[in-house]
Each structure stands twice: as structure tokens, then as C-alpha cells.
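Please open the structure in your viewer and keep the sequence beside it. The tour below proposes one selection after another and states what is to be found at each.

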Amino acid sequence: MTKAIMQLDTLTCPSCMTKIQKALEKQPGVQTVKVLFNASKVKVDFDDAATTAETLAGVVTELGYAVKQIKVKAEKVAIS
């Protein structure tokens with residue numbers, strides 16, 4: 001599982017938050033989406049075998065929002 005944190009230019013209304021969340025939840029491999037309205041951030045947990053952070057940022061951009069920065073963290077998986 002991989003986590004992407006996208007810093008957006010600004011979110012101007014709560015309906016923008018819902019629009020972004022619904023669009024990202026429809027993407028293949030996306031597990032959870034959390035949009036932080038006041039911080040203008042989007043946190044997405046996704047399967048990196050199914051999609052990429054850049055693809056998810058592209059979805060947000062296509063909705064009309066500017067993605068200023070993307071941070072990606074891969075979770076470590078213990079193998080027994």
C-alpha cells in the first residue's frame with residue numbers, strides 16, 4: 001500500500017472537497033481518500049500496482065484544481 005499526500009493550490013468550498021473525494025474513490029486501486037479542506041490537502045491510500053500518484057494527481061487536475069506538490073510514502077510490508 002502506498003500513501004500520496006497532495007498539496008492543492010486552494011479549496012474554495014466544501015462541495016469541491018466532495019467532488020475530489022468521489023472522483024478519486026472511483027480510480028482503480030484506491031483504498032481510502034481523505035480531503036482536508038482547511039489545509040487544502042488530499043491524502044490517498046492506494047495500491048501502486050494499480051495506479052500511480054501522478055495519475056491520481058491528474059484526476060484532480062482534470063477537475064480544475066492545481067496540485068502544487070505530491071509526497072509519496074510506501075508502507076513497509078513484513079514478510080514472514
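Begin by selecting K71, which is partly exposed, its relative accessible area being 47%. The model in view is a predicted one. K71 belongs to strand β4, which covers residues 67-74.

Next, add K34, K43 and K73 to the selection. Together with K71, these residues form a positive surface patch.

Now display the whole chain as a cartoon. How many helices and strands are there in the chain? There are two helices and four strands. Followed from the N terminus, the elements appear in the order β-α-β-β-α-β. The chain has a radius of gyration of 12 Å, close to the 12 Å that the globule rule gives for 80 residues, so it is as compact as a globular protein of that length. Along its principal axes, the C-alpha trace spans about 45 × 20 × 15 Å. Of the 80 residues, 32% count as buried.

Then select D45 and K3 and show their side chains. These two residues form a salt bridge, with their closest N and O atoms 3.2 Å apart. The pair joins distant parts of the chain, as D45 lies in strand β3 (residues 41-46) and K3 in strand β1 (residues 2-8), 42 residues apart. A search of the whole structure finds one salt bridge.

Finally, switch on the surface and compare the two partners. Is D45 buried or exposed? D45 counts as buried because its relative accessibility is 16%, and buried means under 20%. K3, at 26% relative accessibility, counts as partly exposed.

How values were computed
Residues numbered from 1 in each chain as written. Predicted model: local features only at pLDDT ≥ 70, side-chain atom pairs only at ≥ 80, totals over all residues. Heavy atoms only, no water. Patch = residues over 30% accessible without salt bridge, like charges linked within 9 Å, V, L, I, M, F, W, Y side chains within 5 Å. Areas by Shrake-Rupley, 256 points an atom, 1.4 Å probe, with all protein chains shown as cover. Salt bridge = Lys/Arg side-chain N within 4 Å of Asp/Glu carboxyl O. Lys, Arg positive; Asp, Glu negative; His and termini not counted. Charge placed at Lys NZ, Arg CZ, Asp CG, Glu CD. Buried < 20%, exposed > 50% of the residue type's maximum accessible area, 1.4 Å probe, protein only. Rg over C-alpha atoms; globule rule 2.2 N^0.38 Å.
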